[in-house]
Amino acid sequence: MAGTCVIGLQWGDEAKGKLVDLLTSRFDVVVRYQGGANAGHTVVVGDKTYKLHHIPSGILNANVMNVVTPGVVINPPTILQELDSLASQGVKVAENLMLSDRAHVVFPWHIAEDRLRNEGGSGERESIGTTMRGIGPCYGDKVGRMNAVRLGDMFRPDFRERVNIITAGKNRLLSALGSTADQLDAAAIFDQYSGYAARLKPFVTDTTHYLLDQVEAGKKMLFEGAQGSLLDIDHGTFPYVTSSNASGVGVSAGSGVPGKWITKVLGVCKAYTTRVGGGPFPTELNNEMGNKIRELGREYGTTTGRPRRCGWFDAVAVRYTSRLSGIDAISLMMMDVLSLLPEIKICTAYEIDGERTNKFPSHVDDLRKVVPVYETIPGWETDVTKVRKIADLPTGARKYIDRVAELVGKPVEVVSVGPDRAQTMFAGSLAQ
Ligand code: GDP
Ligand code: IMO
Ligand code: MG
């Protein structure tokens, strides 16, 4: 348990936030290591709903340290709103949050560029349909190095000059992208961001040394993935991905904690599949059944409110991401959503150009050609939201869980039957 990771195995929104909140009491530190305000993690406790974007989902437990590491991109006004919203819900955040001085900062020019590029698409291609949170442009500047600002840079004497220089260049870029309305005012941005920096200052520190000290002292860490493995910049459905390593491979790079400290990886997936934004989705249901799953699962984005595209469970994709993220066990969420359907399908293989395969393709053009091979499983048509033991689930539901485990090749150690903490059942090594 030294380092345990919670990783999304699909295209995001697998209920990672719920699982991290539930597991937090078993750990000393909870870590976000990639993504930014594109993430929307929901934690439901009784009649309260918390929506987190940057802040780790361990924040509701006052005894745990929450750390945002260098791999995350931070949007200051959004994280301040998150802090205000937590405060208004009675959650005190003070010494239990750390933000890395190495984390890169999202500025208005990133958000404007994200919007302009999304609106224009890229010519022949379907638009990525980003969350418009400036994620791609900010990571782009990080990798490009010249125009990047890290959290720690906001406290340095040359911050004003850097904002001036970068704003001038970004205004030229925004004009070139066809914008007439997006000219940015360097002085106003400097004033605004200096104000944000002053409020964030108590949380800003070198988290890399802190985490290395913690692992060496034998503290237990929980790493909270954002997005999902199929949105991984290197191994996902490129270019319809996010701009960070959202699969398990990103944990070490983003946090600075060597991989040898990671002892368990939990893969989170829904009992069906959803996707927000553009890009191929082999098991998508563009029909009444898709609409039904969306309504039953209340599948609307936590960050953008967009309706999520819905489809059947894709075992080819999840087997791929389970291997990629090196998972030890599966957390199968939203089992209640399938519980009223007369029959359920699982995609067990793909047919591409008439050939059957179990291999998830590396190119989106091949993924677009996929004809899913389905296995039909009779529904159990019983409300499971009040079931508290896996053994008490209807036989049909247990058969479905066993089939998912068999196809993915890993045991199911968590089953979730509703958003509340109590609607979660643990098995195997996670059962206490
Ligand atoms: P994340 O981004 O992976 O943290 O997931 P989101 O919070 O974006 O989306 C998951 C949604 O499903 C949230 O609204 C949760 O409250 C809700 N949820 C979590 N587990 C369950 C479950 O087992 N059943 C149902 N019906 N909803 C769930
Ligand atoms: P959580 O952590 C679902 C999707 C966007 C878009 C693509 C790129 O809540 O699971 P970006 O703004 O990152 O450049 O958008 O990735 N996307 C998500 N989809 N859940 C998320 O986060 C997502 N974060 C980004 O819809 O298709
Ligand atoms: Mg989400």
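A pocket here is an open set of grid points, over the protein atoms alone, with protein on both sides within 12 Å along at least five of seven lines. A molecule sits in such a pocket if more than half of its atoms lie within 2 Å of its grid points. With that in hand, here are the close-ups; keep in mind that the model is predicted.

**View 1. Ligand 1 takes up the second largest pocket.**
There are 19 residues around ligand 1, and Ala15, Lys16, Thr42, Asp336 and Ser416 come nearest. Which elements give two or more residues to this shell? They are helix H1 (16-23), strand S3 (41-45) and helix H11 (335-338). By class, the shell is a mix of 6 nonpolar, 7 polar and 6 charged residues.

**View 2. Polar contacts of ligand 1 with Asp13, Ala15 and Asp336.**
Start with the oxygen side of things: a polar backbone atom of Ala15 is 2.8 Å from an oxygen atom of ligand 1. Asp13 joins in through its side chain, where an N or O atom is 3.0 Å from an oxygen atom of the ligand. For Asp336, the ligand atom is a nitrogen, and a polar side-chain atom of this residue lies 2.8 Å from it. How much of ligand 1 does the protein cover? The answer is 91% of the 590 Å² of accessible area that ligand 1 has on its own.

**View 3. The S3-S4 hairpin, with Thr42 in S3.**
Thr42 already turned up among the residues nearest ligand 1. Here it stands opposite Lys51 in S4. S3 and strand S4 (residues 48-52) run antiparallel and are joined by 5 bridges. The two strands form a hairpin with 2 residues between them, and Gly46 in the turn has a positive phi of about 60°.

**View 4. Ligand 2 and the 20 residues around it.**
Asp13, Lys16, His41, Thr131 and Thr242 come nearest to ligand 2. Lys16 is also on the list of nearest residues for ligand 1. The shell around ligand 2 divides into 7 nonpolar, 10 polar and 3 charged residues. Now for the polar contacts: a polar side-chain atom of Thr242 lies 2.6 Å from an oxygen atom of ligand 2. The backbone gets involved too, with a polar atom of Gly40 at 2.9 Å from a ligand oxygen and an N or O atom of Gln227 at 2.8 Å from one. Overall, the protein covers 98% of the 550 Å² of accessible area that ligand 2 has on its own.

**View 5. The loop between S10 and helix H8 (250-255), home to Gln227 and Pro239.**
Most residues other than glycine have a negative phi, and most peptide bonds are trans. What is phi of Gln227? It is near 60°, a positive value in a residue other than glycine. Gln227 is also the residue whose backbone makes a polar contact with ligand 2. Further along this loop, the peptide bond from Phe238 to Pro239 is cis, with omega near 5°.

**View 6. An open sheet of 10 strands with mixed pairing.**
Reading across, the order is S9-S7-S5-S2-S10-S1-S11-S15-S19-S20. Strand S9 (204-205) and strand S20 (424-426) are at the edges, each with a single partner strand, so one side of each has no neighbour in the sheet. Zoom in on strand S2 (residues 29-32) and strand S10 (residues 221-224), which pair in the parallel sense over 4 bridges. Within this pair, Arg32 has Glu224 in S10 as its bridge partner.

Technical notes: Residues numbered from 1 in each chain as written. Chains lettered and ligands numbered in written order. Predicted model: local features only at pLDDT ≥ 70, side-chain atom pairs only at ≥ 80, totals over all residues. Heavy atoms only, no water. Near = heavy atom within 4 Å. Polar contact = N/O pair within 3.5 Å; in protein donor to acceptor, adjacent residues only side chain to side chain. Areas by Shrake-Rupley, 256 points an atom, 1.4 Å probe, with all protein chains shown as cover. 1 Å grid on protein atoms, 1.4 Å probe; cavity = no way out; pocket = protein on both sides within 12 Å on 5 of 7 lines; lining within 4 Å. Nonpolar A, V, L, I, M, F, W, Y, C, P; charged D, E, K, R; others polar. Pairing = 2+ DSSP bridges.
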